[in-house]
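Me: Could you walk me through this fold, one question at a time?

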Amino acid sequence: MDTSTLFRLDGRVALVTGGSRGIGRMIAAGFVAQGAKVYISSRKADACFETAEELGSNCIALPQDVSTVAGCKALAAQLAEQEARLDILVNNAGAAWGEPFEDFPEKGWDKVMDLNVKSPFFLTQALHPALKAAGSRERPAKVINITSIDGQRLNPWETYSYHASKSALIYLTKRMAARLIRDGINVTSIAPGAFASDMNKAARDHGGDVARRIPAQRIGVDEDMAGAAIYLASRAGDYVVGDTITVDGGLVNASLGGSIDA
């Protein structure tokens, strides 16, 4: 048994949505470092091109808003102009909304549910031919949904649609996995905890305070997220199907109590 290339992604083609910043950028950088050709997409074109330039020649920007089905189909068409197959899709683009129960608006529900639940489904559907072209029983294509520990337990904030959307995506991951495995496509998810990002301002701006409530006594860093994604995307993760890997320093599964914004 040769494990020297177990985590390599040489020759693989990946697409990471929300790839210009935060967790998406961490994953894209990790894939590039392991030899993949990585397309990143985000709603903000300037940020998308800037990140692609920073990550090097194996990272290509495909700006697109995937909050609608039309946007998902447009991104799939853009990719099809460049590639005949897609080995790895990371559904990372997401949104959050916090507001008191009495005032929580419909737009705060629809925006979050559309981007966090509907878009991963319809983008995967639009890219199904490309994923199917890449996948086989011996070397499956991969779809990795970025969920959240907020889909596994409560935080103290009134983020109703975010909690609901991430719980839904964890279960949708299982349902999609049950269907797509017959096409040589493995579907899994990663549930991040506290990582510094624009969405998780608590971890970004008050990392020390946040870390004290985490069993590992620190917030997540780039290598933690990249490592989990590389594992699932590479040969090392080929026998993982439908599961959610929790990457949170022990908050969900090794905590004696309390909660944290993550």
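What follows is a friendly round of questions and answers on a predicted model.

Me: Happy to start with the overall picture. How compact is the chain, judged by the globule rule for 262 residues?
Reply: The chain holds 9 helices and 7 strands. Its radius of gyration is 17 Å, and the globule rule gives 18 Å for 262 residues. These values are close, so the chain is as compact as a globular protein of that length.

Me: And what does the C-alpha trace span along its principal axes?
Reply: Here we look at the C-alpha trace along the principal axes of the chain. The span comes to about 50 × 45 × 35 Å.

Me: On to the sheet. Which strands are its edge strands?
Reply: The sheet is open, has 7 strands and is paired in parallel, in the order β3-β2-β1-β4-β5-β6-β7. An edge strand pairs on one side only. That description fits β3 (59-61) and β7 (244-247).

Me: By how many degrees are neighbouring strands of this sheet turned against each other on average?
Reply: The figure is an average over neighbouring strands, with direction ignored. It comes to 20°.

Me: Let's zoom in on one pair of strands. Which residue in β2 does V16 stand opposite?
Reply: Strand β1 covers residues 13-17 and strand β2 covers residues 37-41; they pair in the parallel sense over 5 bridges. Opposite V16 in β2 stands I40.

Me: Which strands does α6 touch where it packs on the sheet, and what angle does its direction make with that of β6?
Reply: Helix α6 touches β5 (141-146), β6 (185-192) and β7. The direction of α6 makes an angle with that of β6 of about 165°.

Me: Helix α6 also has a helix partner, α4. Are α4 and α6 roughly parallel or roughly antiparallel to each other?
Reply: Helix α4 spans residues 106-126 and helix α6 spans residues 160-180, with their axes 9 Å apart. They pack at an angle of about 15°, and angles under 35 degrees count as roughly parallel. The two helices are therefore roughly parallel.

Me: What is the make-up by class of the contact of α4 with α6?
Reply: Residues from α4 include W109, V112, M113 and F121, and those from α6 include Y160, L169, L172 and M176. Counted by class, the contact has 14 nonpolar, 5 polar and 1 charged residues.

Me: Now for α1. What is the handedness of its crossing with α2?
Reply: Helix α1 (residues 22-33) and helix α2 (residues 45-55) pack at about 30°, their axes 11 Å apart. On the α1 side the contact uses R25, A28, A29 and V32, while T51, E54 and L55 come from α2. The class counts there are 4 nonpolar, 1 polar and 2 charged residues. As for handedness, the crossing is right-handed.

Me: How are α1 and α9 oriented to each other: roughly parallel or oblique?
Reply: The axes of α1 and α9 come within 8 Å and cross at roughly 60°. Contact residues include I23, I27 and F31 of α1, with M225, A229 and I230 among those of α9. By class the contact has 9 nonpolar, 1 polar and 1 charged residues. From the crossing angle, the pair is therefore oblique.

Me: One last backbone detail. What is phi of Q217?
Reply: Q217 sits in the loop between α8 (207-211) and α9 (222-233). Its phi is positive although the residue is other than glycine, with a value near 65°.

Definitions and conventions: Residues are numbered from 1 along each chain as its sequence is written. This is a predicted model: local features need pLDDT of at least 70, side-chain atom pairs count only at pLDDT 80 or more; totals for chains, interfaces and linings use all residues. Side-chain values use heavy atoms; hydrogens and water are left out. Axes are lines fitted to C-alpha atoms, for helices over the stretch in contact, and angles run from 0 to 180 degrees between N-to-C directions. Helices (H or I, at least four residues) and strands (E, at least two) are DSSP runs, numbered from the N terminus. Angles under 35 degrees count as roughly parallel, over 145 as roughly antiparallel, 65 to 115 as roughly perpendicular and the rest as oblique. Contact means heavy atoms within 4.5 Å. Ala, Val, Leu, Ile, Met, Phe, Trp, Tyr, Cys and Pro count as nonpolar, Asp, Glu, Lys and Arg as charged, and the others, Gly among them, as polar. Two strands pair if DSSP finds at least two bridges between them. The radius of gyration is taken over C-alpha atoms; the globule rule is 2.2 Å times the number of residues to the power 0.38. A crossing is left-handed if the near helix is turned anticlockwise from the far one by less than a right angle, and right-handed if clockwise.
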